[in-house]
Amino acid sequence: MSLTQIPNLPPYSVDPGDLQVWWQLVKEAIEGVLDEQQGQIDAINAILDPNTLTPDKKPPWIFQYAVLTGEKSGIDTKATTYGITTEKTNYDAAITALTTYLNTLTTDVDWDDETGNTTIVAATFRSKFNDVLTKRQILLNEIAAAAKTLADAAQTTAN
């Protein structure tokens, strides 16, 4: 049936090939909008997913890791100076475990690559950082206690 045969349409002629091209363009435009909307929904779902490290969630963790690894040498030196070995070993092992774990986080992109999402296990991710922070504090407490002991002894000698 041609357009001129459909009742209640004004009498004019449209080339069916032109109409088909037009409808194809409309269909592609609608599909493009749907794809864009699905992309936005996927991005929102990733942000809400605790097991997805999205680019906006990465900077604080990247910073925290840089601080932890940056201060390690100085803390280790102080621990060695005061002869603290067990707590230093535990702290160093926690840093190594964190680094090793982070190096496995490469899907879709590396954990510290801010251009895309990275799949993590949120509980494991947080616990690795928490373990370093806990072991660091225990070591720092030991360093402070050793320093206080020496300071007290020096004060006693001075008195």
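Let's start with a polar contact: the side chains of Thr54 and Asp56 are joined by one of 2.4 Å. Keep in mind, please, that this is a predicted model. Where along the chain do we find Thr54? Thr54 sits in the loop between β1, residues 52-53, and α2, residues 58-81.

Now, is Thr54 buried or exposed? Its relative accessible area is 3%, and the cut-off for buried is under 20%, so Thr54 counts as buried. And which residues does Thr54 touch, if we leave out those up to four places away in sequence? They are Ala46, Ile47 and Asn117.

Okay, on to the aromatic rings. A pair of rings is described by two things, the distance of the centres and the angle of the planes. How many aromatic pairs does a search of the whole structure find? The search gives 4. One of them is formed by Trp61 and Phe125, with 4.8 Å from centre to centre and 80° between the planes, and this pair is edge-to-face. If you follow the chain, you'll see that the pair links distant parts: Trp61 is in helix α2, Phe125 is in helix α4, residues 122-158, and they are 64 residues apart.

Trp61 has a second partner to show you. The ring centres of Trp61 and Phe129 are 4.8 Å apart, and their planes meet at 50°, so this pair is tilted. Why tilted? Because planes under 30 degrees apart would count as stacked and those over 60 as edge-to-face, and 50° fits neither. Here too, Trp61 lies in helix α2 and Phe129 in helix α4, so the pair ties together parts 68 residues apart in sequence.

Put those pairs together, and you have a cluster of Trp61, Phe125 and Phe129 linked by ring pairs. How covered are its members? Phe125 is buried, with a relative accessible area of 1%. Phe129 is buried as well, at 2%. Trp61 has a relative accessible area of 26%, which makes it partly exposed, because that label covers values between 20% and 50%.

Last stop, the surface. Which residues make a nonpolar surface patch of about 340 Å²? Leu19, Trp22 and Trp23 do. Let's look at Trp22 for a moment. Trp22 has its place in helix α1, which runs over residues 16-48. With 46% relative accessibility, Trp22 counts as partly exposed.

So, for your notes: Thr54 in its loop, the ring cluster of Trp61, Phe125 and Phe129, and the nonpolar patch with Trp22. Thanks for listening!

Notes
Residues numbered from 1 in each chain as written. Predicted model: local features only at pLDDT ≥ 70, side-chain atom pairs only at ≥ 80, totals over all residues. Heavy atoms only, no water. Patch = residues over 30% accessible without salt bridge, like charges linked within 9 Å, V, L, I, M, F, W, Y side chains within 5 Å. Areas by Shrake-Rupley, 256 points an atom, 1.4 Å probe, with all protein chains shown as cover. Salt bridge = Lys/Arg side-chain N within 4 Å of Asp/Glu carboxyl O. Helix = DSSP H or I, 4+ residues; strand = E, 2+ residues; numbered from the N terminus. Buried < 20%, exposed > 50% of the residue type's maximum accessible area, 1.4 Å probe, protein only. Polar contact = N/O pair within 3.5 Å; in protein donor to acceptor, adjacent residues only side chain to side chain. Contact = heavy atoms within 4.5 Å. Phe/Tyr/Trp six-rings, centres within 6.5 Å; stacked < 30°, edge-to-face > 60°.
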